[in-house]
Amino acid sequence: MLGRKVLLNTKGGAVREFTARVANFARKQLTDSRLRPFALELLKLTGQWNLLTVRIMLAARKDRDVVSSASYDFLMYSGYVTMAYMWARQAAVAADRLDNGGDESEAFYKAKLATAEFYYERLLPRAHAHAHASTMLSPSKNLMQLHADDMAFTG
């Protein structure tokens, strides 16, 4: 996915387009104190996601195997950030419904806000481990130096 869909087909454009959408959403949430922490984190993460994509593209010019070695961490990071966006959207709807009324109970909307906060505070920090230079952007040599035969343990 990283090599074909992100780097080759779109030259990072798929990430840029999606993160622009996320960042636009986040900027609109900055005025609501309930949503501001989510929005600020999303803005930081979208910038980092673009930077990581560019750094992988540049590293891949010298070493094609960087794409393979970065793919797991890139996918995990992408998933955590995408879920953060989904939870921020749900929180925005919940905040709006708390202010303007909705079909569900007040407790339901408060639970949505609390669950978004849980995600941001307890799960989303895991994205940072995947984005760290010592993981996603480490040289591919440590992965590529082993031969398949070295992995087969027999009798």
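## A tour of the α4/α5 packing

Start by selecting two sets of residues in this predicted model. In α4, pick G79, Y80, M83, A84, Y85, W87, A88, Q90, A91, A94, R97 and L98; in α5, pick E106, Y109, K110, K112, L113, T115, A116, Y119, Y120 and L123. Show their side chains, and you have the place where the two helices meet.

Now colour that selection by residue class. The contact of α4 with α5 splits into 15 nonpolar residues, three polar ones and four charged ones. Among the nonpolar ones you can click on are W87 and M83 from α4, and L113 and Y119 from α5. For the charged ones, go to R97 in α4 and to E106, K110 and K112 in α5.

Next, switch to cartoon and select both helices whole: residues 65-100 for α4 and residues 106-123 for α5. How are they set against each other? Their axes lie 9 Å apart, at an angle of about 155°. Since angles over 145 degrees count that way, α4 is roughly antiparallel to α5. Turn the view to look through one helix at the other, and you're looking at a left-handed crossing.

Zoom out to the whole chain. Which elements make up the fold? You'll find seven helices and zero strands, so a walk from the N terminus reads α-α-α-α-α-α-α.

Try a contact map next: of the contacts between residues at least 6 apart in sequence, 74% link residues at least 24 apart.

Last stop, the surface. The accessible area is about 9,600 Å², with 56% of that on carbon and sulfur atoms. Colour by burial, and 37% of the 155 residues count as buried.

Technical notes:
Residues are numbered from 1 along each chain as its sequence is written. This is a predicted model: local features need pLDDT of at least 70, side-chain atom pairs count only at pLDDT 80 or more; totals for chains, interfaces and linings use all residues. Side-chain values use heavy atoms; hydrogens and water are left out. Axes are lines fitted to C-alpha atoms, for helices over the stretch in contact, and angles run from 0 to 180 degrees between N-to-C directions. Helices (H or I, at least four residues) and strands (E, at least two) are DSSP runs, numbered from the N terminus. Angles under 35 degrees count as roughly parallel, over 145 as roughly antiparallel, 65 to 115 as roughly perpendicular and the rest as oblique. A crossing is left-handed if the near helix is turned anticlockwise from the far one by less than a right angle, and right-handed if clockwise. Contact means heavy atoms within 4.5 Å. Buried means under 20% relative accessible area, exposed over 50%, partly exposed in between (1.4 Å probe, protein chains only). Accessible areas come from the Shrake-Rupley method with a 1.4 Å probe; for residues, only the protein chains shown count as cover.
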